[in-house]
Amino acid sequence: LLSPAPSKCSLEMLIHHYGDVYEHSPWVAEAAWQQGLTEAHDNPDALAELMGLMLQQASSDQQIKVIQAHPDLAGKAAMAGELTQDSTSEQAGAGLDQCSPEEFARFETLNAAYKEKFGFPFVIAVKGLDRHAILAAFEERLNNDAATERQTAIEQIIRIAHIRLIDRATKS
Ligand code: GUN
């Protein structure tokens, strides 16, 4: 279960404790709170589902802003230690901090090509993936059209938020 219990939180508390589940986008937690949280939302799966619905229902402009709030994978900000705690551990968990110089260069090229084509960074839920799988998905997704890729990125971000909530729940 999540602690503090979302259903017992004021709006301010919810944002304080869960606002960062969506990278630099606390409005997603606020929108979920406005729906009226009940004890059914005190588990990570249910809160993640409601928050995900809020993001799916947002305008494409709002969705793109959330995608744009994500740092590049294996990018300069990551190397400079400038990411949020969650992003840092996710990227390190996938071994992205251990890329060879050639792999870093590959990410740099792909990050630039992807942003040039879509206007937002490549986002993927990296849990369970190694850098080879991430690079393969990266090359594959570069072929998508913009609408498909926006929807794919939003689905991945919802998955990232779900994983973050599960990680914050006290195992019981
Ligand atoms: N997937 C999981 N964490 C991250 C992140 O920090 N940046 C991007 N682009 N994708 C991610």
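## Glutamine 156 and its surroundings

A residue counts as buried if 20 or more other C-beta atoms lie within 10 Å of its own, as exposed if 12 or fewer do, and as partly exposed in between. Keep that in mind for glutamine 156 in this predicted model: it has 19 C-beta neighbours inside 10 Å, so it counts as partly exposed.

Glutamine 156 sits in helix α9, which covers residues 146–168. Set aside the neighbours within four places in sequence, and glutamine 156 is in contact with Val123, Ile124 and Ala125. As for isoleucine 124, it is 32 residues away from glutamine 156 along the chain, yet their C-alpha atoms are separated by 5.4 Å.

## The overall fold

Now for the whole protein chain. It has 9 helices and 0 strands, so the order of elements from the N terminus makes for easy reading: α-α-α-α-α-α-α-α-α. The radius of gyration comes out at 16 Å, close to the 16 Å that the globule rule gives for 172 residues, so the chain is as compact as a globular protein of that length. Taken along the principal axes, the C-alpha atoms fill a box of roughly 50 × 35 × 25 Å.

Buried residues make up 31% of the 172 in the protein chain. If you look at contacts with a separation of 6 or more, 66% of them are between residues 24 or more positions apart.

UniProt, in an unreviewed entry, places the feature "domain: Oxo-4-hydroxy-4-carboxy-5-ureidoimidazoline decarboxylase" at residues 12–165. In the model, that span is 65% helix and 0% strand, and its end C-alpha atoms lie 18 Å apart.

## The nonpolar core

Which residues have the most contacts inside the largest nonpolar core? They are Ala29, Met51, Leu55, Ile157 and Ala161, in a core of 39 residues. Several helices chip in: α1 (11–18), α2 (27–34), α3 (44–57), α4 (60–68), α7 (101–118) and α9 each supply at least two residues. The largest share comes from α9, with 7 residues.

Methionine 51 is a good place to zoom in. Beyond its neighbours within four places in sequence, methionine 51 is in contact with Val21, Val28, Ala29, Ala32 and Ala161. Two of the names on that list, Ala29 and Ala161, also turn up among the core residues with the most contacts.

## Around the ligand

There are 13 residues around the ligand, and His70, Leu73, Ser87, Glu90 and Val123 come nearest. Val123 has already come up here, as one of the contacts of glutamine 156.

What is the make-up of the shell by class? It has 9 nonpolar, 3 polar and 1 charged residues. Helix α6 (residues 85–93) gives the most to this shell, with 3 residues.

## Backbone oddities

A few backbone angles deserve a check if you plan to work with these coordinates. Serine 3 and proline 4 are joined by a cis peptide bond, with omega about 0°. Proline 4 belongs to the segment before α1.

Then there are two residues other than glycine with a positive phi. Histidine 24 has phi near 50° and is found in the loop between α1 and α2. With 13 C-beta neighbours inside 10 Å, histidine 24 counts as partly exposed. Alanine 74 also has phi near 50°, this time in the loop between α4 and α5 (76–79). Is alanine 74 buried or exposed? It is buried, because 25 other C-beta atoms lie within 10 Å.

## Toward the N terminus

Alanine 5 is another residue in the segment before α1. It has 13 other C-beta atoms within 10 Å, so it is partly exposed. In sequence, alanine 5 and alanine 169 are 164 residues apart, while in space the distance is 9.8 Å, C-alpha to C-alpha.

A little further on, methionine 13 lies in helix α1. It is partly exposed too, with 14 other C-beta atoms within 10 Å. Methionine 13 and asparagine 43 are 30 residues apart along the chain, and their C-alpha atoms are separated by 17 Å.

Definitions and conventions
Residues numbered from 1 in each chain as written. Predicted model: local features only at pLDDT ≥ 70, side-chain atom pairs only at ≥ 80, totals over all residues. Near = placed C-beta within 6 Å. Helix = DSSP H or I, 4+ residues; strand = E, 2+ residues; numbered from the N terminus. Nonpolar A, V, L, I, M, F, W, Y, C, P; charged D, E, K, R; others polar. UniProt positions renumbered as here; feature names shortened; annotations may be inferred. Rg over C-alpha atoms; globule rule 2.2 N^0.38 Å. Contact = placed C-beta atoms within 7 Å. Core = buried A, V, L, I, M, F, W, Y, C linked by C-beta atoms within 7 Å.
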